[in-house]
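Me: I should like a close look at a single part of the chain shown below, namely its loops and the strands that they join. Please set that part in the context of the whole chain in one connected account.

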Amino acid sequence: TVRIPGGEIVSLRAAADGQFSYFDGPTRVRTDLRLTDGRWYRARLDIDIVGRRTDISLRTAGDTEVLDRSGVAWRTDRAAEPDRVCVRVSGASATLDIDSVVVSR
């Protein structure tokens, strides 16, 4: 998730069965996409602070596009600059490896 003071603006999730979902405004969008355990994926979020929108791109390690969404609404309508990126893994056998995080203006 990407957060601003007082709330979450962008949230990407993978369920225990690999189903990938994200939020468009307050609505959770469950995709047909299932992430495969043990494979690398590259997620890119381009966040428009003024428009309160996000572009989401998800690609495989081999650079095959698996999801591309533009203009996804923030979960909250509050205007503020993001101040945190939060990663949470739930479940006894769940793990997450992060290769790199790039933040730019």
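**Loops and strands**

Reply: Followed along the sequence, the chain has the pattern β-β-β-β-β-β-β-β-β. The model is a predicted one. Its secondary structure amounts to nine strands and zero helices. Of the 105 residues in the chain, 25% are buried. Among contacts between residues at least 6 apart in sequence, 42% join residues at least 24 apart. The exposed area of the chain is about 7400 Å², and carbon and sulfur atoms supply 45% of that area.

The account of the loops may begin with the hairpin of β4 and β5. Strands β4 (19-24) and β5 (27-34) pair in the antiparallel sense over five bridges. One of the residues concerned is Ser 21, whose bridge partner in β5 is Arg 30. Two residues lie between the strands of this hairpin, and Gly 25 takes a positive phi there, near 65 degrees. Gly 25 belongs to the loop between β4 and β5. Its relative accessible area is 5%, so Gly 25 counts as buried, the limit being under 20%. Once residues up to four places away in sequence are set aside, Gly 25 touches Ala 73, Trp 74 and Arg 75.

The second hairpin is that of β6 and β7. These strands also pair in the antiparallel sense, here over eight bridges, and Asp 48 stands opposite Arg 53 in β7. Four residues separate the strands in this hairpin, and Arg 52 has a positive phi near 55 degrees. Arg 52 is a residue other than glycine, located in the loop between β6 (41-48) and β7. Because its relative accessibility is 27%, Arg 52 counts as partly exposed. Gly 25 and Arg 52 are 27 residues apart in sequence, while their C-alpha atoms are 9.8 Å apart in space.

A further positive phi, of about 70 degrees, occurs at Asp 63, which is not a glycine. Asp 63 is placed in the loop between β7 and β8. With a relative accessibility of 43%, Asp 63 is therefore classed as partly exposed.

Several of the strands joined by these loops contribute to the nonpolar interior. The largest nonpolar core has seven residues, namely Phe 20, Tyr 22, Leu 33, Ile 56, Leu 58, Leu 67 and Val 72. Strands β4, β7 (53-60) and β8 (65-73) are the elements that give two or more residues to this core. In soluble globular proteins, nonpolar side chains tend to be buried together. Val 72 links the core to the surroundings of the second hairpin: apart from neighbours within four places in sequence, Val 72 is in contact with Tyr 22, Phe 23, Asp 24, Arg 52, Arg 53, Thr 54 and Ile 56. Arg 52, the loop residue with positive phi, is thus among the contacts of a core residue. Apart from this core lies another, of five residues, which include Val 2, Ile 4, Ile 9 and Val 10.

Arg 75, one of the residues touched by Gly 25, takes part in a further arrangement of side chains. The charged end of Arg 75 sits over the ring of Phe 23, at 3.5 Å from the ring centre. A search of the whole structure for aromatic pairs finds zero.

Arg 75 also leads to the N-terminal strands. Leaving out neighbours within four places in sequence, Glu 8 is in contact with Arg 75 as well as with Thr 1, Val 2, Arg 3, Arg 13 and Thr 76. Glu 8 is found in strand β2 (residues 7-10) and has a relative accessible area of 15%, so it counts as buried. Strand β1 (residues 2-4) pairs with β2 in the antiparallel sense over three bridges. One of these bridges joins Ile 4 to its partner in β2, Gly 7.

Which strands form the open sheet to which β2 belongs, and in what order? Three strands form it in the order β2-β1-β9, with antiparallel pairing. Strands β2 and β9 (84-85) stand at the edges with a single partner strand each, so one side of each is left without a neighbour in the sheet.

Definitions and conventions. Residues are numbered from 1 along each chain as its sequence is written. This is a predicted model: local features need pLDDT of at least 70, side-chain atom pairs count only at pLDDT 80 or more; totals for chains, interfaces and linings use all residues. Side-chain values use heavy atoms; hydrogens and water are left out. Buried means under 20% relative accessible area, exposed over 50%, partly exposed in between (1.4 Å probe, protein chains only). Contact means heavy atoms within 4.5 Å. Two strands pair if DSSP finds at least two bridges between them. Rings of Phe, Tyr and Trp (its six-membered ring) pair if their centres lie within 6.5 Å; planes under 30 degrees apart count as stacked, over 60 as edge-to-face and the rest as tilted. A charge sits over a ring if NZ of Lys or CZ of Arg is within 6 Å of the ring centre and within 35 degrees of the ring normal. A nonpolar core is a set of buried Ala, Val, Leu, Ile, Met, Phe, Trp, Tyr and Cys residues joined through side-chain atoms within 4.5 Å. Accessible areas come from the Shrake-Rupley method with a 1.4 Å probe; for residues, only the protein chains shown count as cover.
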